[in-house]
Amino acid sequence: MDPFDIISRGNADYIDRLYQLYQSDSRSVDAYWQAFFAGFEAAGGRAESLSGAFAPEGQLDPSQARAGVETKNLVHSYRELGHFIADLDPLGHNRPTHSLLDLSQFGLTPADMDKRVTQCDFQGPFDGTLRDLIEKLRITYCRTLGVEFVNISDKAQREWLIRRMEPILNRPVLSKAERHALLYEVVAAQAFEDFLQVRQKGQKRFGLEGGESLIPLLNALVEDGAALGVEEVVMGMAHRGRLNVLAHVVNKPYEVIFREFEGKVFDHQDGDGDVKYHLGYAQDRPTKNKNKIHIALSYNPSHLELVDPVVVGIVRAKQNYRGDHATRTRVVPILIHGDAAFCGQGIVHETLGLSELPYYRTGGTIHVIVNNQIGFTTLPRQGRFTPYPTDVAKMIQAPIFHVNGDDPEACVHAAKLAIAFRQEFHCDVFIDVWCYRKNGHNEQDEPSFTQPVMAREIAGKTSVRDLYANQLLAEEVVSNDAIEAMKTESWLRLDEALTHARESQPTAVSLPPSFGGVWKGFSRAGADWSAVTKVSPEILREVGKGATQVPEGFTVHPKLKTLLDRRLEMSLGKAPIDWGGAEMLALGSLLLEGTPVRFVGQDAQRGTFTHRHAALRDYNTGDKYVPLANISQHQAPIIVVNTMLSELAVLGFEYGFSSADPRNLVVWEAQFGDFVNMAQPIIDQFIVAAESKWGKMSGLVMLLPHGYEGSGPEHSYAYLDRFLALCAEDNVQVVYPSTPAQYFHALRRQMRRNFRKPLILMMPKANLRDAISSLTELTEGSLHLVIDDPSYPSRDRVRRLLLCSGKIYFVLEAARKKAAIDDVAIVRVEQLYPYPKAELQAILAKYRNVNEVGWVQEETKNRGAWTFMSDRLESMLPETAVLNYFGREESASPAVGSKRINDQEEAEIISRALDRPAPEPPAPAVAAAPEPKLEKVAHGSGVGGD
Ligand SMILES: Cc1ncc(C[n+]2csc(CCOP(=O)(O)OP(=O)(O)O)c2C)c(N)n1
Ligand SMILES: [Mg+2]
């Protein structure tokens, strides 16, 4: 048992008895207690009765707290500021003093140094002079481990740390065997890099040299985690030392790594693969206490820190399916950061912001910063102006351990404290490992070009391994022979593995998901992407009833009562179905089929355009009620979440969640479609490419409100063209549904197949209520990739065939009807990607007399689907037909700022498309002040608003 778990006054007698036994014969107590008492004595513990040294659990002794103001301030000040003068920098550039720790600050003088301290609140045995006390404080807080924790407002957390750190002067209690094992870890870590340096010279590996203590630190997190109930660890990290971590923490066999160096693996048949220092790995790893732990290092793009929210999302999904809801102590995220990236990349701040939010919290991420005091060629003073790279982390009031990477034992101690704290308090913890980068940024770089002085300092340094080996030699913990044996054995293991790797035949990489576990029954997408998505009228009725009623005593807002009544009518076929109704019926039917739903976005509960109202508020009490969560006792759960005002981290989290469990429908909604560009790296590096690079599937749905309604440059447009430019090799689906029924089927199709692909949906704004569908379109239909013109029984009259997507269809159709045009047909392309070639071909073949095909869009010519469609359409045109464009001209800004000009532009597009003279522009509202074309108006007068 961990001694710390039982130290309290309640156990005083027991501890004393143990200590007496230990004093008479150290072997009479078990190994852990032996190590503990040895540490206690080594740290200066001299108490007759050991238990008297400790304050009771959860509170400091009040008499002590009141005593000796000067001394108390002194202790407090060391707790607060000690880290500033700690020996953290392996390159020796430490701050020797801090003016606020000067004796004079406490009303003391050097003459007081040998006076006895009668009372102080330093935890642990203390009986000595002021000099003794300061020495203890310096040992505890100013040696190779400095701790920032007094800013934490939770008293229990501060006191927990004090009780864990002060009695043992912040040194780990390690047995001789444990110190041996620790030395072996740094020996192996260095051998790995040395070996690759010699045998794979010049190959990029982003070596860990100078930061080898990362390996025992991570292993301590895993080992202690396993002892504290952790069953699964998901790690995310960038390039630095990644291969070393894969080899020595995730236990990826050397041979497999070397085969990648040797080019002995070929990329999986269906994708493009990735460089070896982005690859992930996962497996069950045995631990010392015999608990198996599942450990995974996530696949990772080059974009620094991008993986952070993804890992957290993966963990949240895993906690869900492991039933780890209450304490979240069984699945733990570990994120390893570079010092420059951690303070520079905004996604870090966003991810920290999610850490304690409902529906996003995971019970705490352990963050490890490999603080090698450089970013590529940039020095800390160029990259930040605060003392530590971790200063951004102060916003969440978590403990921050700063530790000197040249002291592996201190690193292990920091790890032990961190994981124990996380398991106890269920929140984030930070370990800032001060180290150095022995070589250049990568193995082809020359560091002395940019940091000549630093490079010389580093060249003269003894390695972490040799420093620790020398320390253990001096303390007679290990012999010279043993050290040499460790080095030889490490090298031999590497050598053997390389020989095997070179002799083996090339093999294909087997990429996850392996279709086991939660992926059982899934497979890669085949040729058929259709699905049966219709739902019986009975089920829709059940959804409608359940999702529109509230419990007794719940007072619905008077205006929303009408909305609910209307939706009930929709589900019964008594009223046409609008977008909100279709969404309710799609989600509700999936829930009844057992599909859990996670529906999130900024203000998603109500909906940007006040069209959803998925979470109702009691008009009198403000209590929340989610009708969709209460349709039936047998349904799957649904959460509808208003998220933090972030796109990047939130979308990353949702992507991670969706990639970890295909059984959930995960929907992320952008407030307006254009805000999606804040999350572009998650789209580029994960959503569109993860399956090709890493074999990772995701069924994430993105809802992006899109449409030109005069709302200005920023609220009109969801970067449709950008998504289309990213489409290739059937990586995603881009759908621009024109009717509620199409939305209904697109959502359901997403979950009714045995493969997963991200779905990007361009969503309406203005015609959220105008576009309607009938109940039979839900009970009978399915998703139409293309919708033929419904108004042409005889297509032979048609000379011009217009193709379009989304809202403009309705404007075209209304204008055609008004002008009684009968030789122009309008066909909707509902799914833009995968490109519905066969469906379009079949439709083109029906219009035999067409001599012109037109693509109509509201977007400017350099945006929208035109570029994507033009090549494809051109190659399919009937010989007699030409292809024309009807849309806005190219423009730097997506849309004009004036609604009047927007409407005029739209009218012109429609006239040209229908080949009718453009209508006279409407008179400006203020006749005396003519509106300049493309005037910049900050806010359009359209729907929604910022
Ligand atoms: C978003 C992003 N910007 C820039 C880069 C290029 N880059 C790769 S590593 C690096 C320096 C990283 O420094 P640090 O975070 O301290 O990690 P270290 O390499 O020192 O371990 C830079 C600028 C990148 N990969 N990602
Ligand atoms: Mg760095």
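**Exercise 1.** In this predicted model, find which polar backbone atom lies 2.9 Å from an oxygen atom of ligand 1, and then look for further contacts of the ligand with nitrogen or oxygen atoms of the protein.

*Solution.* Begin with the backbone, where a polar atom of Ile 374 lies 2.9 Å from an oxygen atom of ligand 1. Turn next to the side chains, where an N or O atom of Asn 372 is 2.9 Å from an oxygen atom of the ligand. Then take the nitrogen atoms of the ligand, one of which is 3.0 Å from a polar backbone atom of Ser 302. Finally, consider the surface: ligand 1 taken alone exposes 580 Å², and the protein buries 76% of that.

**Exercise 2.** Describe the residues that surround ligand 1 by number, by kind and by the helix that gives the largest share.

*Solution.* Count the surrounding residues, which come to 15, with His 239, Asp 339, Ala 340, Ala 341 and Ile 374 as the closest. Sort this shell by kind, and it divides into five nonpolar, eight polar and two charged residues. Now ask about helices, and helix α13, spanning residues 339-344, supplies the largest share, namely three residues.

**Exercise 3.** Identify the protein donors of the magnesium ion, ligand 2, and state which spacing they follow along the chain.

*Solution.* List the donor atoms, which are OD of Asp 339, OD1 of Asn 372 and O of Ile 374, lying 2.0 Å from the ion. Read them along the chain, and the spacing is D-x32-N-x1-I. As a last step, check accessibility: Asn 372 and Ile 374 are both buried, that is, each has under 20% relative accessible area.

Conventions. Residues are numbered from 1 along each chain as its sequence is written. Chains are lettered from A and ligands numbered from 1 in the order in which they are written. This is a predicted model: local features need pLDDT of at least 70, side-chain atom pairs count only at pLDDT 80 or more; totals for chains, interfaces and linings use all residues. Side-chain values use heavy atoms; hydrogens and water are left out. Donors are N, O and S atoms within 2.8 Å of the metal (3.2 Å for Na, K and Ca); water is not among the atoms, so sites may look incomplete. Buried means under 20% relative accessible area, exposed over 50%, partly exposed in between (1.4 Å probe, protein chains only). A residue is near a molecule or strand if one of its heavy atoms lies within 4 Å of it. A polar contact is a pair of N or O atoms within 3.5 Å; within protein, one must be able to donate a hydrogen and the other to accept it, and residues adjacent in sequence count only if both atoms are side-chain atoms. Accessible areas come from the Shrake-Rupley method with a 1.4 Å probe; for residues, only the protein chains shown count as cover. Helices (H or I, at least four residues) and strands (E, at least two) are DSSP runs, numbered from the N terminus. Ala, Val, Leu, Ile, Met, Phe, Trp, Tyr, Cys and Pro count as nonpolar, Asp, Glu, Lys and Arg as charged, and the others, Gly among them, as polar.
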